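Student: I would like a close look at a single part of this protein, namely the stretch around its cysteines, set against a picture of the whole. Please take me through it slowly.

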Amino acid sequence: MLTGFKQFLLRGNVLDLAVAVVIGGAFGAVVTALVKDLITPLIAAVFGKPDFSALALTINGSKFLVGDFVNAIVSFLLIAAAVYFVVVVPVNQMTERRRRGAPPVDPTTKTCAECLSEIPIAARRCRFCGSPVSDVVRSV
């Protein structure tokens with residue numbers, strides 16, 4: 001299941017991204033409360049600090065607020081996980097169940113036995129190598 005979550009984050013599918021933005025906005029208040037009321041006290045109990053916002057790095061007088069960035073990453077991952085496990089996984093399961101009930105799609109291509117190229121199912125000769133193609137060729 002975590003592999004699917006990783007693929008969801010890295011895939012860049014526009015439809016999934018649109019769903020994630022809409023649902024993520026709706027989950028924003030819930031996740032903010034989760035981070036503020038549960039995760040932050042847990043961090044305080046483990047690390048002795050209420051959150052990561054106090055973490056900073058100073059180089060040549062410039063202060064880098066590393067902690068704020070870490071807080072933002074934690075919030076993002078929680079929102080993404082909520083969207084994935086509450087919306088994407090159930091929708092994918094529902095789509096898969098619908099697909100199982102549908103009749104199999106007839107193949108539109110077949111494989112040339114000589115050069116292994118995909119050619120139209122009605123072809124009599126391979127357009128790549130020119131060899132005759134019999135009707136007993138594997139379907140793709």
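To begin with, how many helices and strands are there in the protein? And then, in the part I asked about, how far is the sulfur of Cys 126 from the closest cysteine sulfur, and is that within reach of a bond or too far for one?

Tutor: What is shown is a predicted model, and everything that follows should be read with that in mind. The protein has three helices and four strands, and their order along the sequence is α-α-β-β-α-β-β. Of its 140 residues, 22% are buried. The protein exposes about 10300 Å², with carbon and sulfur atoms supplying 65% of that area. Among the contacts between residues at least 6 apart in sequence, 40% join residues that are at least 24 apart.

Now to the part you asked about, beginning with the cysteines. A disulfide is a covalent bond between the sulfur atoms of two cysteines. A search of the whole structure finds zero disulfides. Cys 115 is accordingly in no disulfide, and its nearest cysteine sulfur, which belongs to Cys 126, is 3.5 Å away. Seen from the other side, the closest cysteine sulfur to that of Cys 126 is the one in Cys 115, and because the separation is 3.5 Å, it is too far for a bond; the cut-off used for a disulfide is within 2.5 Å. The two cysteines also fall into separate classes of exposure: Cys 115 is partly exposed, because its relative accessibility is 30%, while Cys 126 counts as buried, because its relative accessibility is 4%.

Next to Cys 115 in the numbering comes Leu 116, which lies in the loop between β3 and β4. Leu 116 has a positive phi of about 60°, although it is not a glycine. Most residues other than glycine have a negative phi. Leu 116 is also exposed, because its relative accessible area is 55%, and the cut-off for that class is over 50%.

Ser 117 is found in the loop between β3, residues 109–111, and β4, residues 118–120. Unlike the exposed Leu 116, Ser 117 is buried, because its relative accessible area of 16% falls under the 20% that sets the limit for buried residues. Leaving out residues up to four places away in sequence, Ser 117 touches Lys 110, Thr 111, Cys 112 and Phe 128.

One of those partners, Lys 110, lies in strand β3. Although its side chain is a charged one, Lys 110 counts as buried, because its relative accessible area is 4%. Lys 110 and Ala 122 are twelve residues apart in sequence, and their C-alpha atoms are 8.8 Å apart in space.

Further along the chain, Ser 131 has its place in the segment after β4. Ser 131 is buried as well, because its relative accessibility is 13%. Setting aside neighbours within four places in sequence, Ser 131 is in contact with Cys 112, Glu 114, Arg 124, Arg 125 and Cys 126. Cys 112 is thus a partner of Ser 117 and also of Ser 131, and Cys 126, whose sulfur we have just placed 3.5 Å from that of Cys 115, is another residue that Ser 131 contacts.

For comparison, a positive phi also turns up elsewhere in the model. Asn 60, in the loop between β1, residues 57–59, and β2, residues 62–64, has a positive phi of about 50° although it is not a glycine. Asn 60 is exposed, because its relative accessible area is 81%.

Finally, a word on the helical part of the protein. The second largest pocket holds about 160 Å³ of space, and two elements, α2 (14–47) and α3 (66–101), each give two or more residues to its lining. Ten residues line this pocket, and those nearest its centre are Asp 16, Val 88, Val 91, Asn 92 and Thr 95. The largest share of the lining, seven residues, comes from α3. By type, the lining divides into five nonpolar, two polar and three charged residues. As for the first helix, Gly 4 is found in α1, residues 2–11, and is partly exposed, because its relative accessible area is 22%. Gly 4 and Phe 85 are 81 residues apart in sequence, yet 9.9 Å apart in space from C-alpha to C-alpha.

Note on methods:
Residues are numbered from 1 along each chain as its sequence is written. This is a predicted model: local features need pLDDT of at least 70, side-chain atom pairs count only at pLDDT 80 or more; totals for chains, interfaces and linings use all residues. Side-chain values use heavy atoms; hydrogens and water are left out. Buried means under 20% relative accessible area, exposed over 50%, partly exposed in between (1.4 Å probe, protein chains only). Contact means heavy atoms within 4.5 Å. Accessible areas come from the Shrake-Rupley method with a 1.4 Å probe; for residues, only the protein chains shown count as cover. On a 1 Å grid over the protein atoms alone, a cavity is a set of points where a 1.4 Å probe fits but cannot get out, and a pocket is an open set with protein on both sides within 12 Å along at least five of seven lines; lining residues have an atom within 4 Å of a point. Grid points are joined across faces, edges and corners, and a volume is the space filled by probe spheres set on the points.
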